[in-house]
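Here's a friendly walk through one protein chain, for someone meeting it for the first time. Have a look at the structure, then read on.

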Amino acid sequence: MEKRKILFLALGYPNVAKSTVLYTDLMQEFAGQGHKVLVVAPAYEKGNYGRRVEGNVEVLRVKTLPLFKVGPIKKGIANILLPFQYKKAIRKNGDMDFDLVILPTPPITLFSVAYWLKSKIKAKTYLILRDIFPQNAVDLEMMRENGILHRYFRKQELKLYKLADSIGCMSKANISYVKQHNPGLDHSKLHLLPNWEKIPLPVSKEGISKVSSKLGISDKFVAIFGGNLGKPQQLENIVGLAKSCREIKDIFFLILGSGTESERVKQLIEHHELTNIRLVGRVPKKEYVQILAAADVGLISLHEQFTIPNFPSKVLTYFGLKKPVLASLDLSTDFGQMLEETKSGLWSEAGDIEAFKKNLLWFYDNREQAIEMGENGYNYMKSHLTPEIAYKTIMENI
């Protein structure tokens, strides 16, 4: 396959020496396949600006305003300024010679950078559609439908779809949604690009025993929710499940991660005086894998008000560690259908705590079948959800 020069416009892109996400995995795969990769991403540490090698990829770290763990107004201003800061950094440090520009959503504001690059060079543009914005903000009542902001971002969204030469969507339901709500779009651009992740190395029995002892869960049936703690995750479902199971002394819940709803989760746990659930907070990926390896079930929760089909990426680590999945879902997603087809988990409608609990107790009472579900998820991941497969899908569609 022809080797190309790749530019990746990133928002969340940690240094691979400290942590990994699906985008670091993908760019490492591109570089490993012999392509020359430059990633443009925010600098997370003050003064840590400029171009350097991280892993086997060149990364251009850009000085930006704080983009995470800030209020909506500050975050909005930071995202509006982001394309101007990226353009300036690329002019100063980039060679402006690329064959392919890849960008994900969020954020949608990087459209202007991709448009500017396409006007300067003949590179193709590939859009990884992971966040259908602004509709998700409307669903969560963070933005008024047909208001000034909604109309502005909707125009940006349409321009981005038009600009892209190819668009990878998370699921079949995502493809159907984009087609339905964008009849003027060239639908031949759309194809399936499921989420991906490197399969983690297995954790030893000694490692599992050590982390279980450290957390005091050695004799417990453990259900873990890991990842972003925001409104889309509707964490009231997880706390409500823990509350409903408080009489079963050997079932325990762990919440790992951080986000805008962290404080609310903490307050809910304290308000209900729950002793069977613990908010651990954000931990390094390596430690997260070790803790998850000690669990019996991986939890998923999506907000019931979503009209867009979401496909939670946290399931990848669950699958990679052979954990069966227990999900509380809105009715717009086809994630539950995937769990059914792969026989890798159980799901119920978001807000229905009784059904959520019933499914949890099925896992509790059927340990061997639960282990089989974990194996099914692992096998599905190996054949459909790895960086190598995502790389091949992108290259075949550009």
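Let's start with Thr-393, which sits in helix H15 (residues 387-396). Helices (H or I, at least four residues) and strands (E, at least two) are DSSP runs, numbered from the N terminus. Thr-393 counts as buried because its relative accessibility is 15%; buried means under 20% relative accessible area, exposed over 50%, partly exposed in between (1.4 Å probe, protein chains only). Leaving out residues up to four places away in sequence, Thr-393 touches His-191, Leu-192 and Leu-193, where contact means heavy atoms within 4.5 Å. Thr-393 has buried company in H15: Pro-387, Ala-390, Tyr-391, Ile-394 and Met-395 are buried too. And what covers them? The cover includes helix H1 (22-32), strand S6 (124-129) and strand S8 (190-192).

A quick note on the basics: this is a predicted model, where local features need pLDDT of at least 70 and side-chain atom pairs count only at pLDDT 80 or more, while totals for chains, interfaces and linings use all residues. Residues are numbered from 1 along each chain as its sequence is written, and side-chain values use heavy atoms, with hydrogens and water left out.

Stepping back, the chain has 15 helices and 14 strands. Its radius of gyration is 21 Å, close to the 21 Å that the globule rule gives for 398 residues, so the chain is as compact as a globular protein of that length. That radius is taken over C-alpha atoms, and the globule rule is 2.2 Å times the number of residues to the power 0.38. Of the 398 residues, 55% count as buried.

Now for the sheets. One is an open sheet of eight strands with mixed pairing, in the order S3-S4-S2-S1-S5-S6-S7-S8. Two strands pair if DSSP finds at least two bridges between them. The edges belong to strand S3 (50-54) and S8, each pairing on one side only. Within this sheet, strand S2 (residues 36-42) and strand S4 (residues 57-62) run parallel, joined by five bridges, and Val-40 has Leu-60 in S4 as its bridge partner.

The other sheet described here is open as well, with six strands in the order S11-S10-S9-S12-S13-S14 and parallel pairing. Strand S11 (277-281) and strand S14 (345-349) each have a single partner strand, so one side of each is left without a neighbour in the sheet. From one strand to the next, the twist averages 20°. Two bridges join strand S9 (residues 221-226) to strand S12 (residues 297-301), and Ile-224 stands opposite Gly-298 in S12.

Two helices lie across strands of this six-strand sheet. The angles run from 0 to 180 degrees between N-to-C directions, with axes being lines fitted to C-alpha atoms, for helices over the stretch in contact.

| Helix | Strands it lies across | Angle |
|---|---|---|
| H8 (residues 236-244) | S9, S10, S11, S12, S13 | about 130° to S12 |
| H12 (residues 335-342) | S12, S13, S14 | about 150° to S13 |

Finally, a helix pair: the axes of helix H3 (residues 111-120) and helix H5 (residues 148-163) come within 10 Å and cross at roughly 35°. Which residues meet there? Phe-111, Ala-114, Tyr-115 and Lys-118 in H3 meet Gln-156, Lys-159, Leu-160 and Leu-163 in H5.
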